[in-house]
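Visitor: I'm new to this, so could you walk me through how the labels get decided?
Guide: Sure, let's have a look together.

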Amino acid sequence: MALLLATALLPALRAEAEDPEVDTSKWPCKFCEFEASSSFTPNLGVGYVSDDSAKFGEYTGLDESGAYVVADADARYRNPEGFWLDLAALDLGIDSRYFGVEGGKQGRYALHLRYKELPHNLSDSATSPFLGAGTSSLTLPSGWVPGATTSTMSALNSSLQSIDLHTERRLLDVGGAFMPVSHWTFGVNLRHEERDGMRAMGGTFVFNDSQLVSPVNYTTDQIDLSAAYAAGRLQARVAYYGSIFKNDDAAFTWANPYIPLGAGGNLGQMSLAPGNQFHQLVLSAGYRLAPHTQMTADVALGQMSQDDAFLPYTVNGSLPVQPLPRNSLDGRVETLTGKVKLTTQLADEFRVNATLSYDDRNNQTPQAVYDWITTDTGTAAPRTNLPYSFTRSVASIDGALTLSPGLRLYAGCSYDEYQRDLQAVERTNEGACWGKANLSAKDLASFSFTYTYSQRTGSAYQPDPDGTPAQNPLMRLYNLADRDRNELKLRVDVTPGERFNFGFDMRGTWDDYFTSTVGLLDGTSWSAAADCGWQVAEKLSASCYLSHELVKSHQANAELLAPSPLWFGSNHDETDSAGAGFKYVASDRFDLGFDYTWSRSTGEVAIKSATVGFPDLTTRLNSARLYANFVPRKKLTLRLSYWYESYRSDDWALDDVLPATIDNVLSLGQQSPDYDVNVIALSGRYEF
Amino acid sequence: MELKRPVILFLAAAALAGGLVVGRTQTPEPAAEAPPAAEAKPEVPAEAPREAPTFTKKGADTCLKCHDESSKFPVLAIFKTKHAQPADPRTPFASLQCETCHGPGGHHAEEVPEGQKQAPIRTFGTKSQVPAEQQNQVCLGCHQDQARISWKGSPHGGNDVPCAACHKVHAEHDAVLTVATQPDVCYACHKVQRAEFDKPSVHPVRFAQMECSSCHEVHGSMTEHLLAKPTLNETCYTCHAEKRGPFLWEHAPVAENCTNCHAPHGSIHPTLLVKRAPLLCQSCHSQAGHPSVARTGAGLPGGNPSAFLLAGSCTNCHSQVHGSNDPSGVKLMR
């Protein structure tokens with residue numbers, strides 16, 4: 001079929017090549033409805049959320065019950081000279097609001113300004129006796145009675161306050177692209193992001209822990225500058241990327257709710273993420289060496305740095321403290337990545353790609369001996385910091401052979417080598433080879449099958465250089481350990497007619513850490529997903545999907561440096577997900593849609609020799625959305641939407657763990673979330 | 001650093017490819033500045049008929065006589081898009097209008113007896129009979145720019161995904177360019193990823209607050225998984241710059257690869273972890289003392305509630321797992 005069509009099209013294509021001069025003087029384009037007007041389309045209304053739930057509103061901002069304002073808008077302007085302006089406002093009435101405006105003269109320049117807020121509601125079930133949540137000083141209420149354990153903190157229950165753990169990002173993005181001369185594009189983009197809120201963070205005095213609320217007051221500024229050239233055989237781009245992160249809080253302190261274990265042990269201090277910078281120069285280029293051969297290269301040279309002033313070793317003035325070896329880290333990491341790819345069509349039926357990549361993280365941070373204090377409580381043996389560096393080199397080659405219009409075979413191999421400093425394995429190298437077959441009957445179906453085998457080995461495993469206390473010498477870290485990996489991928493797409501399609505995707509990975517006796521022993525991930533689309537009738541379409549995923553692993557560990565594994569653990573996660581929906585367009589004046597999603601997950605954690613096991617970790621999600629649009633008169637659209645979602649979860653790490661449940665952890669008492677939430681919204685959209 | 005093996009492999013591949021390329025350089029070179037339509041030259045058998053094609057007599061006006069909103073292939077929405085801007089000399093409507101991309105349509109526009117099909121014309125999309133590479137040559141005639149430097153040989157470009165599989169050129173709003181609708185376009189092929197975003201701990205793709213292209217450069221990238229930045233961690237740091245460091249006390253696997261511990265599309269465990277503590281931590285930590293002790297269900301609230309198991313588990317104490325800059329943060333506890 002494809003051959004026939006190509007045959008039929010041949011004369012047309014030849015004509016283009018041979019006779020590019022086309023007389024278009026009689027092509028007035030009088031039926032062309034070029035847009036040269038302006039429009040403004042606000043959408044205003046009201047919505048209502050039935051219940052409070054941080055989990056439901058985790059990212060949407062619909063975390064509190066009550067009414068909210070539906071406020072969206074679109075505006076457009078176009079003129080015949082190519083000037084354009086687009087404005088978009090979305091969800092202005094809730095915490096995930098967006099506003100953007102962009103415009104310019106097409107082909108010459110484009111400017112944009114975008115503002116986005118993104119909430120992250122982490123928990124609404126936390127409670128804590130600490131005052132000052134979200135600040136850099138957590139204190140205890142007057143009348144607080146320290147205890148040796150949480151159960152003896154007699155003022156605990158009367159001191160607990162609810163805390164909503166959340167963060168919010170506010171992102172302003174301004175930039176533009178400029179095309180002053182043909183073939184050249186210059187770009188500039190500035191992003192300023194503020195992120196604030198509070199989140200949970202553990203703090204400890206020896207083994208007396210508290211789940212604290214740490215402040216989040218971050219600012220990140222990012223800049224992209226670029227110049228790009230594209231003409232003929234060459235495309236090239238040189239760019240600068242800068243990212244500057246600042247944290248308003250270098251640390252926070254908290255009052256010890258326990259009876260101090262030593263003199264002065266009534267206050268702790270926790271460092272927070274230090275400000276840092278990253279600057280990078282990137283050069284990318286693609287060059288067509290020959291009609292069917294392309295060379296592409298990327299080089300990125302960067303530097304990460306961090307030099308915030310050090311905190312003192314401790315806020316405990318009763319402890320003997322040595323002077324710091326330096327006042328700040330002067331941390332520097334030089335990064336260099338380089339990649340080259342050659343893509344060529346050696347024959348009409350045979351393509352080859354060859355790639356070489358190099359990634360170097362060269363940590364230049366100075367080393368020093370630190371006479372550290374453990375948990376603001378006691379002195380400890382001095383330690384030297386370990387600035388980790390690594391270099392990764394990858395080479396790969398693959399080819400694709402077209403045996404017939406419906407059959408293509410692929411094969412390839414790669415070699416991936418890491419060199420690491422200061423770690424248990426100096427070098428790992430992984431070789432991989434893969435094969436793939438694509439079968440297709442273009443009008444009806446396509447089938448693809450891929451198999452990959454890889455093996456990673458490495459240089460001799462060294463005793464942990466960071467070892468106090470020492471690792472079990474049998475431990476093999478899973479990112480360094482010898483590993484066999486088998487991967488399968490299968491994909492089927494069927495389109496028996498224009499009205500129906502069906503797809504199936506399955507993939508699995510089987511890992512065997514074949515020389516590990518302590519650490520991760522094996523891992524399996526396997527998933528399958530199917531979907532369908534059905535044009536039931538001219539006005540009715542439907543879709544569906546179904547998936548299953550399994551992730552499991554086995555590991556071993558040994559207590560107290562035993563010579564052989566004494567216990568085995570396993571992790572077994574399963575997730576099922578399904579969805580269906582339909583859309584019915586009754587007329588230009590009425591349409592209706594429905595989407596339903598169901599998902600459940602089960603996690604089994606097991607210790608082989610244990611007499612007491614773990615209950616399953618479970619989640620269940622049901623989500624249904626229904627909407628209807630009605631056009632009572634020209635330019636006015638009324639929209640009614642309804643969203644129901646229920647969620648159930650069980651998590652043994654949280655459930656029934658109240659602030660005083662664990663003797664030596666004053667917890668936040670967060671519970672795994674459950675909710676049933678209904679959201680209904682009615683709005684009117686009018687096009688001016 | 002030892003680079004011998006990968007370099008040798010690459011050079012061998014390049015030599016093989018280069019040698020064979022030289023042998024093929026007699027193939028006519030496409031005109032560097034040719035109009036986009038002229039770039040698309042499907043190679044077809046020599047015995048194909050040679051009947052000269054013609055352009056339509058009236059250009060788009062010819063096409064729009066049939067392709068109005070009531071036709072099987074309505075196209076009028078293209079006039080709401082940037083392709084239909086005659087003032088921009090780069091656009092199809094500043095050139096040969098519809099036939100800039102679809103090629104000469106003279107035969108296609110000819111009337112045929114009832115019951116017979118129109119002569120074919122170059123169409124786009126997964127159901128088109130025109131090979132994807134030839135479709136894409138038409139698009140790349142104009143769009144072979146900085147965003148597509150790495151398109152050739154990329155997972156999408158090298159697997160013959162036509163541009164029109166994802167882009168709807170005749171639609172006023174191309175779904176793949178909108179945050180809320182882009183994921184559904186990607187899920188058409190990436191079915192497993194759709195389910196991953198239904199999990200309890202995810203990046204907010206399901207909530208239309210993030211899109212696939214927030215992290216992935218779908219038109220080609222030299223980074224694994226088509227990631228947008230030169231390395232995986234640098235991609236993560238664009239939103240999580242507080243984890244970039246460098247820190248005084250680094251956690252080695254963190255600095256190397258975020259996915260050593262996190263599943264970026266979603267997980268059933270908190271904070272997108274591949275598994276939960278303490279087993280996650282005990283996959284690597286077997287130091288003498290508490291790290292290597294088996295934590296069983298006996299440590300749950302009904303038994304002897306354990307600090308090593310409940311609430312934050314290991315992070316009840318070791319809360320600075322991404323690294324610490326505190327001079328006393330050796331054990332990532334400060």
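Visitor: How do you know that strand 6 of chain A pairs with strand 11 of chain A?
Guide: This is a predicted model, and in it two bridges join strand 6 to strand 11 (residues 251-255) of chain A. Pairing asks for at least two bridges, so the strands qualify. They run parallel, and Leu138(A) has Trp254(A) as its bridge partner in strand 11.

Visitor: What makes strand 6 and strand 12 of chain A edge strands?
Guide: The open sheet has the order 6-11-12 in chain A, with mixed pairing. Strand 6 (137-138) and strand 12 (267-271) each pair on one side only.

Visitor: How do you know that strand 14 and strand 15 of chain A pair?
Guide: Count the bridges! Strand 14 (residues 293-306) and strand 15 (residues 331-347) of chain A share 14 bridges, in the antiparallel sense. The cut-off is at least two, so they count as a pair. One of the links puts Val299(A) opposite its bridge partner Gly338(A).

Visitor: And how many residues sit between strand 15 and strand 16 of chain A in their hairpin?
Guide: Two residues. Strand 15 pairs with strand 16 (residues 350-363) of chain A over 14 bridges, antiparallel, with Ala354(A) as the bridge partner of Leu342(A).

Visitor: Where in chain A is the pLDDT below 50?
Guide: Over residues 1-19, a stretch with 46 contacts in the model beyond near neighbours in sequence. Where pLDDT is low, the predicted coordinates shouldn't be read in detail. Chain A averages 94, though, and 95% of its residues score at least 70.

Terms used:
Residues are numbered from 1 along each chain as its sequence is written. Chains are lettered from A and ligands numbered from 1 in the order in which they are written. This is a predicted model: local features need pLDDT of at least 70, side-chain atom pairs count only at pLDDT 80 or more; totals for chains, interfaces and linings use all residues. Helices (H or I, at least four residues) and strands (E, at least two) are DSSP runs, numbered from the N terminus. pLDDT is the predictor's confidence in each residue, from 0 to 100. Two residues are in contact if their C-beta atoms, placed from the backbone, lie within 7 Å.
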